[in-house]
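Let's take a walk through this fold, starting with a ring pair and working outwards. Have the structure open while you read.

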Amino acid sequence: RIDLRPSCVDVLIFPPLPITVVMTSGGRQQTIINSLCNIKLRHIILSVLGIFILYSSRVAQHTNKINKNNMMKMGSSFTSVASTAFNMPKIGLGTLGLDPTEAKTTINEALSLGYRLFDCAPVYFNENDIGDAFHEATTGVPRSDVFITSKLAGPFHRAEHVEPALRKTLNDLRLGYLDLFLVHWPVAFKYVDFDPSIRGWDNEGIDDSEGGKNIDPTVSLRDTWHAMESLVDKGLVKHIGVANFPVMLLHDMLSYSRIPPAVNQVEIHPYNQQPKLLEYCNSRNITVQAYSPLGTPGFKESDEPHILSDPVLNEMARSKGITVAQLCLQWSLQRGCSVIAKSSNIRHLEENLLVNHKNEFVSGAVQLSSDEMDKIAALDRGYRFFRPEEWWPENPVPVFH
């Protein structure tokens, strides 16, 4: 430290030593300062470089710690709904029928393979197990990189029940927010009470229509939708949408919605192609997400058609060196749909992932020609594996007719 009579003082602190450089009008003082600078310059530069390297290392360690702590944790949240663009991965993992005992392994494998979209629902009765799997995932994928969907079950369509139902789902999934929340079916059931402090469900009462007797015709979809919109306003969900909505219900909803549905998730496969619905949604900027794109091979009745055994699809798949499942998924993608495919088999998980987590087609992905697309179009027979009017014989609501 040089303590001369200053006309001005600049203090530069480079640990471990503070150095005070004093500028005066005197020549002797200037000579001393110049000598000091010549002697100490190399040490100062080395000190600065050392500090920079140490600081960079500690910042990197701190960042890694933050990222690790943010991996799929319940408290993670997004900062601005208004700035949240809709960017949903093209292929997602469905969780209908996912055994709770397989949830942890399946979710971890899927994240490792590159899945970034997960489709859930309370009536699958495994959201608490999936939430545990998310929370304990070891893949290092941060919450912000994963797109998670869930749905509003029928007993919670009344406006005052929508938010509590969502908060129950968030608690079960151990999340701070959803990327997408869908009205699962356009039919309300009578309310079923639940304890919001308990994760999971004690029974399957929320999915019991009692043959249709529990359908509540006094609940308006308009009221349900406005309650859904409030969830976006409150930052609990990024996007809202619907599932199993025919064109006319969508058309009516667009007349009163402040936030239009981002997605309509419907049953689409080569035997139920729904081209008019797809055309309508595309013209209104509503993404169509295809569920059961392979025709629900694990749930269909023995006398129902088996899409994966279709001779036209099998011949086409063989000629292209891919599986029939991959062919069906590729067909849906080329029609502009997002797809939800369910499997807990690691080989099938890998086969089904035709695009990576950045929504880009993987290298070498097979494209279908226009002639091949036309051949598949000819297979359409309007066949549905999900027929709600048969679930509700006591009070039939033919949603799709």
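Y291 is buried, at 12% relative accessible area, where buried means under 20%, exposed over 50% and partly exposed in between (1.4 Å probe, protein chains only). Bear in mind that this is a predicted model, in which local features need pLDDT of at least 70 and side-chain atom pairs count only at pLDDT 80 or more, while totals for chains, interfaces and linings use all residues. Residues are numbered from 1 along each chain as its sequence is written, and side-chain values use heavy atoms, with hydrogens and water left out.

**Aromatic pairs**

The partner of Y291 is F386, and the two rings meet edge-to-face. Here is what the words mean: rings of Phe, Tyr and Trp (its six-membered ring) pair if their centres lie within 6.5 Å, and planes under 30 degrees apart count as stacked, over 60 as edge-to-face and the rest as tilted. By that rule there are 13 aromatic pairs. F86 and F147 make another edge-to-face pair. Side by side:

| Pair | Centre to centre | Angle between planes |
|---|---|---|
| F86 and F147 | 6.2 Å | 80° |
| Y291 and F386 | 5.4 Å | 85° |

Both pairs bridge distant parts of the chain. F86 lies in the loop between α1 (27-69) and β3 (91-94) and F147 in strand β5 (residues 147-152), 61 residues apart. Y291 belongs to strand β9 (residues 287-291), and F386 to the loop between α11 (370-377) and α12 (388-391), 95 residues apart. Helices (H or I, at least four residues) and strands (E, at least two) are DSSP runs, numbered from the N terminus.

How buried or exposed are the other rings? F386 is buried at 17% and F147 is buried at 6%, whereas F86 is partly exposed at 32%. Y291 and F386 also belong to a cluster linked by ring pairs, together with W185, F189, W391, W392 and F400.

**A covered helix**

The chain has 12 helices and 10 strands, and 46% of its 401 residues are buried. Helix α9 (residues 324-334) is mostly covered, with 10 of its 11 residues buried. Among the buried ones are W331, C328 and Q330. Their cover includes β3, β9, α8 (311-320), β10 (338-341), α10 (346-352) and α11; contact means heavy atoms within 4.5 Å. After α9 comes G336, with a positive phi near 95°.

**Two crossing helices**

Helices α3 (residues 127-135) and α4 (residues 159-173) have axes that come within 6 Å and cross at roughly 50°. Axes are lines fitted to C-alpha atoms, for helices over the stretch in contact, with angles from 0 to 180 degrees between N-to-C directions. The two are therefore oblique to each other, since under 35 degrees counts as roughly parallel, over 145 as roughly antiparallel, 65 to 115 as roughly perpendicular and the rest as oblique. On the α3 side the contact uses E127, N128, I130, G131 and F134, and on the α4 side T169, D172 and L173.

**Cysteines**

How many disulfides does the structure hold? It has 0, a disulfide being a pair of cysteine sulfur atoms within 2.5 Å. Why is C281 not bonded? Its closest cysteine sulfur, in C337, is 9.1 Å away, so the gap is too far for a bond. C281 is buried at 0% relative accessibility, and C337 is buried too, at 4%.
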